[in-house]
Amino acid sequence: TVLRDGEIVHEVALGERTPAGDPVQVGDRFRVASISKVITAITVLRLVQSGQLDLDAPVGARLAARVGAVPSAGADAITTRHLLTHRSGIAQYENLMFARQVESCEQAAATGLSRGLERSPGTTLRYSTLDFCLLGLLIEDTTGRLYGDVVRSELLEPLGIDAMRLGGTFDVREGDVDDRSDAGRNYMEVLGAAGSWIASPTEVATIIDSLDLTTAGWKPLSAELVAEMMAITVDPPPADPAATTTVVTAPPTRGYGMGLMIFSPESFGHTGTLESTHAMTARGEGGYTLSLIHI
């Protein structure tokens, strides 16, 4: 799907969506993998906007209590901002999330919060899918509602999106592309808010366009929070006790914001990869927004 200035200018579906050879159609839904992080980040910032969450208040101990874990040293200092920017200090835990070492996001969260941190919260970027599993639990703890229900009311329904859903590893329904998985895997259930949304390319592009304040339509976030979401967090340089001068470097033009990849000063979006799925969405120059998903 391609949008220009918020309007659909191109939609195409190619290939087959089932092992039986049924043709894929425009509007069919795919796993969007880590593009789910954009959806979760917007929803978290909606709660910040309404005063229900504070970006810089510690949430580590609160999340540990929710999943019945004893937080490891330093974990209680983790904030919402740290989770959104992948600076929580939590390790990547790829096998934990994808190799059936646990059965749910809650179990993964308990492991990540109780084991030792890789680094102090707020210091360096370490992309960790577990950060966004935790953000989904934070949304539930804040609102007292299921994560998916909050996303629908805070983001999808105002955008007129009604077909998107959270999917399971072997949960294929009418209108879904059959994203094949090896037997015995359970990563969709473990990913939760970090990667389990199923959506059409047009729905993904619509969500990304909602962050472009120059186009028409409902916008989920204020200009101030959009700027926060797109701000690239710069890792602090290592301290040099012998240094006598300060070197000022130019701000980065590529990096990670809050649940958002910044590709250039004029382009942002996210990528996503799962077992049989590859996805990318980007708002680029010239008013174009694209979404491409394939298996």
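**Figure 1. Helix 5, residues 105-114, and its surroundings in a predicted model.** Seven of the 10 residues of helix 5 are buried, so this helix is largely enclosed by the rest of the structure. Buried here means under 20% relative accessible area, exposed means over 50%, and partly exposed lies in between, with a 1.4 Å probe and protein chains only. If you would like to find the buried residues, look for Cys105, Ala108, Ala109, Ala110, Thr111, Gly112 and Leu113. They pack against helix 2 (60-66), helix 4 (94-98), helix 6 (129-143) and helix 8 (187-191); a contact is counted when heavy atoms lie within 4.5 Å. Helices (H or I, at least four residues) and strands (E, at least two) are DSSP runs, numbered from the N terminus.

**Figure 2. The open sheet of seven strands.** Follow the strands in the order 2-1-10-9-8-7-6, and you will find antiparallel pairing. Strand 2 (7-10) and strand 6 (255-256) are the edge strands, each pairing on one side only. Two strands count as paired if DSSP finds at least two bridges between them. As a reminder, strands of a sheet pair through backbone hydrogen bonds.

**Figure 3. The hairpin of strand 1 and strand 2.** Strand 1 (residues 2-4) runs antiparallel to strand 2, and three bridges join them. Arginine 4 has glutamate 7 in strand 2 as its bridge partner. Two residues sit between the strands, and in this turn aspartate 5 has a positive phi of about 55°.

**Figure 4. Strand 8 beside strand 9.** Here, seven bridges connect strand 8 (residues 267-274) with its antiparallel neighbour, strand 9 (residues 277-283). To get your bearings, start at threonine 273, which stands opposite histidine 278 in strand 9.

**Figure 5. The protein behind the close-ups.** Stepping back, the protein holds 10 helices and 10 strands. Its radius of gyration is 19 Å, close to the 19 Å that the globule rule gives for 295 residues, so the protein is as compact as a globular protein of that length. That radius is taken over C-alpha atoms, and the rule is 2.2 Å times the number of residues to the power 0.38. Of the 295 residues, 52% count as buried. Among contacts with a separation of 6 or more, 68% come from residues 24 or more positions apart.

**Notes.** Residues are numbered from 1 along each chain as its sequence is written, and side-chain values use heavy atoms, with hydrogens and water left out. Because this is a predicted model, local features need pLDDT of at least 70 and side-chain atom pairs count only at pLDDT 80 or more, while totals for chains, interfaces and linings use all residues.
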